[in-house]
Amino acid sequence: MKTPSDNLFLLIKSLDTSEKTFFKRQGYNTGIVKDVHSYIQLFDAIDSMSVYDENALKIKLKRRGFGHHFGKAKNYLVEAIFECITYYHSDSHLNAQLQNLLFRTELMMEKGLYKLAKNTIAKAEALAIENDKYEHLLLITSMKFGMAAQFGKGIPEFIETDIKAEIRNLKLLKNKIDYRNLVIQMASIANEYGQRAKKADFSKIVNSSLLRGRKRAITYASLHYYYTSHFAYHFSLGKWDDTIYRLQKEWILYLENDHEKIILRATNYLQALSNLMIILTKTKREKESKEIFEKALNFFTSLPEKNKTAGIV
């Protein structure tokens, strides 16, 4: 017999209070949820469960007059919740903002509205540049080429500016990917050997020219992977020396010095503080560890509520 899916249960349990309130309000106020009373009833019934029991849920809902096909109702509610929380977080998630701008650009292109398409993609490009989104920048260049071909406008500008930018962004993306791959390789060794990992297991990775200094890391993401690789190496070997202490402090200082972007990089910053606390605990620097904990707590408390529900824990 097929085991009932608990995807809806897990999804509802993953929502915080503000997300649940927003979903219900949107359902009642906007009509985004059809037969809203029945589906809110299903939502609340599942939310009240500590362990998912589909048979008990069906009996409970039947007594309350729930008349929908249960499997279809579950699938519908999953989609409705996703639609609501996507909208709720659309102004706090960078990728969602970029995707929305690119979708709007495509719509304007389809309708033959060149000026609106050009203005919209310019906003997407500025946002992607500001946040080092090289994958999106390459897509934007491709769309700008499509606009130039479709409307016969902006071709000289594309040749003069966009082709050079595309080559530069390819270089930056490759740098990011090279450093990302070091982290993946490091994690693979750590997962395979665990605490049995030895220095020789990591030798090829740690001797990479990419890890000999941070100057080769030419993007923010590359820097993040650079410091993450060093911490992962020391963590796997239990090597708590002054080198990793210095590197972690260096990374935190870099993040703190960029005041304008530290909120956007909140997850990385909190992880960096957490890693430093591990180092301080291992090296018995209790006073400094408490200070870093207070710093992390104060920073998290000061974050906007939507940032706190965006995967930062």
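Which residues does Ser-289 touch, not counting residues up to four places away in sequence? In this predicted model, Ser-289 is found in helix α14, which covers residues 286-302, and beyond its sequence neighbours it touches Met-277, Leu-280 and Thr-281. The relative accessible area of Ser-289 is 12%, so this serine counts as buried.

The stretch that precedes α14 can be followed back along the chain. Lys-284 lies in the loop between α13 and α14, and with a relative accessible area of 72% Lys-284 is exposed. Its backbone deserves a look as well, since phi of Lys-284 is near 60 degrees, a positive value in a residue other than glycine. Most residues other than glycine have a negative phi. A second residue of this kind is Asp-132, which is not a glycine and yet has a positive phi of about 55 degrees; Asp-132 lies in the loop between α7 (114-130) and α8.

Helix α13 itself spans residues 266-282 and contains Asn-275. Here the relative accessibility is 11%, and because the cut-off for a buried residue is under 20%, Asn-275 counts as buried. Leaving aside its neighbours within four places in sequence, Asn-275 is in contact with Phe-231 and Gln-248.

Helix α11 covers residues 220-237, and its 18 residues reach 26 Å from the first C-alpha to the last, close to the 26 Å expected at 1.5 Å a residue. Of these 18 residues, 14 are buried, so α11 is largely enclosed by the rest of the structure. The helix is followed by Gly-238, whose phi is positive, near 65 degrees.

From here the reader can turn to Tyr-179, whose place is in helix α9. Its relative accessible area is 0%, and Tyr-179 is therefore buried. Apart from residues up to four places away in sequence, Tyr-179 touches Leu-210, Leu-211, Gly-213, Arg-216, Ala-217, Ser-222, Tyr-225 and Tyr-226. To set this tyrosine against another part of the chain, Tyr-179 and Arg-64 are 115 residues apart in sequence, and their C-alpha atoms are 56 Å apart in space.

Helix α9, residues 155-193, also holds both partners of a salt bridge, Lys-164 and Glu-160, which are four residues apart, about one turn of the helix. An α-helix has 3.6 residues a turn, so residues three or four places apart point the same way. In the bridge between Lys-164 and Glu-160, the closest N and O atoms are 3.5 Å apart.

That pair belongs to a wider set, for the count of salt bridges comes to 16. Another of them joins Lys-20 to Asp-47, with the closest N and O atoms 2.9 Å apart. This pair links distant parts of the chain, since Lys-20 is in helix α2 (residues 17-30) and Asp-47 is in helix α3 (residues 36-47), 27 residues apart. Although Lys-20 carries a charged side chain, its relative accessibility is 19%, and Lys-20 therefore counts as buried. The side chains of Arg-265 and Asp-258 also meet in a salt bridge, at 3.2 Å from N to O. The two partners fall into separate classes of accessibility: Arg-265 counts as buried at 11% relative accessibility, whereas Asp-258, with a relative accessible area of 24%, is partly exposed. Elsewhere, salt bridges that share partners join Lys-13, Lys-20 and Asp-47 into one network.

The last stop is the packing of one helix against another. Two packed helices are described by the angle between their axes and the distance between the axes. For helix α6 (residues 94-110) and helix α8 (residues 134-151), the axes come within 11 Å and cross at roughly 10 degrees. Angles under 35 degrees count as roughly parallel, and α6 and α8 are therefore roughly parallel to each other. On the α6 side the contact is made by Asn-95, Leu-98, Leu-102, Thr-105, Glu-106 and Met-109, while α8 contributes His-136, Leu-139, Ile-140, Met-143, Gly-146, Met-147, Gln-150 and Phe-151. Sorted by character, the residues of this contact divide into eight nonpolar, five polar and one charged.

Definitions and conventions. Residues numbered from 1 in each chain as written. Predicted model: local features only at pLDDT ≥ 70, side-chain atom pairs only at ≥ 80, totals over all residues. Heavy atoms only, no water. Axes fitted to C-alpha atoms, helices over the stretch in contact; angles between N-to-C directions. Helix = DSSP H or I, 4+ residues; strand = E, 2+ residues; numbered from the N terminus. Parallel < 35°, antiparallel > 145°, perpendicular 65-115°, else oblique. Contact = heavy atoms within 4.5 Å. Expected span 1.5 Å × (residues − 1). Buried < 20%, exposed > 50% of the residue type's maximum accessible area, 1.4 Å probe, protein only. Salt bridge = Lys/Arg side-chain N within 4 Å of Asp/Glu carboxyl O.
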